[in-house]
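Take a moment with the sequence and the model. Then follow the text from one site to the next.

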Amino acid sequence: MQKDHIYAEPLAQIQDFRFDDHVAEVFPDMIQRSIPGYHTIIQTIGKLTAHFQQPNSNYYDLGCSLGTASLAMRRNISMPGAHLIAVDNSHAMLERCERHLLAFRSDVPLSLKLADIRDIDIQDAAVVVINFTLQFLAPEHRDALINTIYQGLKPGGLLILSEKFVAHSIITNALLVDLHLDFKRANGYSELEISQKRSALENVMKPDTLAQHQQRLQHAGFSETSLWFQCFNFCSMLAIK
Ligand code: GEK
């Protein structure tokens with residue numbers, strides 16, 4: 001696995017973070033060292049997919065990057081008539097995702113779409129996954145996407161939504177942010193890497209509070225919603241139609 005050194009040297013000017021070739025190349029290392037619980041979340045996406053699968057249904061991975069969640073979903077689908085749709089708007093990610101997924105044999109047909117997740121038609125879905133991607137949409141576009149997903153899910157269908165979040169209380173938020181920074185330090189990121197990456201993400205990723213997520217899911221019509229995973233300021237929620 002290629003190591004992430006993208007922000008290791010001082011940069012004269014820090015550009016907004018982009019999912020380009022440099023990022024895609026080191027992405028498995030970057031995501032493991034940056035998101036607490038990533039492996040657990042991926043494993044559980046697999047388990048939840050097995051649990052919520054329905055015959056003759058579609059399965060969506062929105063913002064699929066290298067397809068790690070897609071792979072976990074695909075391995076856990078055993079019912080007939082399944083179709084997995086993995087979407088990302090980064091060409092660098094999607095071409096690597098294709099190579100990655102083609103390396104594993106599966107009977108579940110797969111479509112890879114180079115597209116904006118806001119433009120995707122969602123239909124007859126048993127499970128929809130958005131693993132750490134809603135946070136990259138402009139805040140004013142988030143409600144519409146969650147509404148579209150709700151409309152496209154079958155009754156009993158599941159949305160898994162994982163996000164970095166902002167805690168409601170300033171004190172708690174500062175504590176969770178500190179714990180996350182310690183996690184990154186323990187994973188070998190220097191203070192320079194941490195601060196340059198933070199600047200690069202500032203304009204690009206604007207996390208919501210848990211209450212905002214909860215409200216959005218309820219307004220869309222989800223009858224059951226729950227936080228099933230939290231580590232520091234990272235979480236994963238599930239919502240059932
Ligand atoms: C995983 N889910 O490994 N449309 C499509 N793709 C987008 C958009 C958009 N509007 N905005 C961002 N992306 C993955 C990890 S990474 C999370 C997801 C992170 C894509 C972007 O190109 C990138 O591949 C992904 O969303 C976010 O389970 O890097 O923190």
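The paragraphs below start at the ligand and end at a pair of aromatic rings.

Keep in mind that this model is predicted. Begin with the ligand. Which pocket does the ligand take up? The space it fills is the largest pocket. Two elements each give two or more residues to the shell around the ligand. They are helix H1 (21–34) and helix H2 (38–52).

Now look at the shell itself. It counts 21 residues around the ligand. Tyr-38, Gly-63, Ser-65, Asp-88 and Asn-131 come nearest. What kinds of residue make up the shell? There are 12 nonpolar, 7 polar and 2 charged residues.

Next, find the nitrogen atoms of the ligand. Where do they meet the protein backbone? One ligand nitrogen is 2.7 Å from a polar backbone atom of Gly-63. At Asn-131, a backbone N or O atom lies 2.9 Å from a nitrogen of the ligand. At Asn-89, a polar backbone atom is 3.2 Å from a ligand nitrogen. How much of the ligand does the protein cover? On its own, the ligand has 660 Å² of accessible area, and the protein covers 94% of that.

Leave the ligand and turn to the aromatic rings. The structure holds 6 aromatic pairs. One of them joins Phe-132 and Phe-234. Their ring centres are 6.2 Å apart. Why is this pair called tilted? The planes stand at 55 degrees, and a pair counts as tilted when the angle is neither under 30 degrees nor over 60.

Where do the two rings sit? Phe-132 is in the loop between strand E4 (125–131) and helix H5 (142–152). Phe-234 is in strand E7 (residues 234–240). The pair therefore ties together parts that are 102 residues apart in sequence.

How values were computed:
Residues are numbered from 1 along each chain as its sequence is written. This is a predicted model: local features need pLDDT of at least 70, side-chain atom pairs count only at pLDDT 80 or more; totals for chains, interfaces and linings use all residues. Side-chain values use heavy atoms; hydrogens and water are left out. A residue is near a molecule or strand if one of its heavy atoms lies within 4 Å of it. A polar contact is a pair of N or O atoms within 3.5 Å; within protein, one must be able to donate a hydrogen and the other to accept it, and residues adjacent in sequence count only if both atoms are side-chain atoms. Accessible areas come from the Shrake-Rupley method with a 1.4 Å probe; for residues, only the protein chains shown count as cover. On a 1 Å grid over the protein atoms alone, a cavity is a set of points where a 1.4 Å probe fits but cannot get out, and a pocket is an open set with protein on both sides within 12 Å along at least five of seven lines; lining residues have an atom within 4 Å of a point. A molecule sits in a cavity or pocket if more than half of its atoms lie within 2 Å of its grid points. Helices (H or I, at least four residues) and strands (E, at least two) are DSSP runs, numbered from the N terminus. Ala, Val, Leu, Ile, Met, Phe, Trp, Tyr, Cys and Pro count as nonpolar, Asp, Glu, Lys and Arg as charged, and the others, Gly among them, as polar. Rings of Phe, Tyr and Trp (its six-membered ring) pair if their centres lie within 6.5 Å; planes under 30 degrees apart count as stacked, over 60 as edge-to-face and the rest as tilted.
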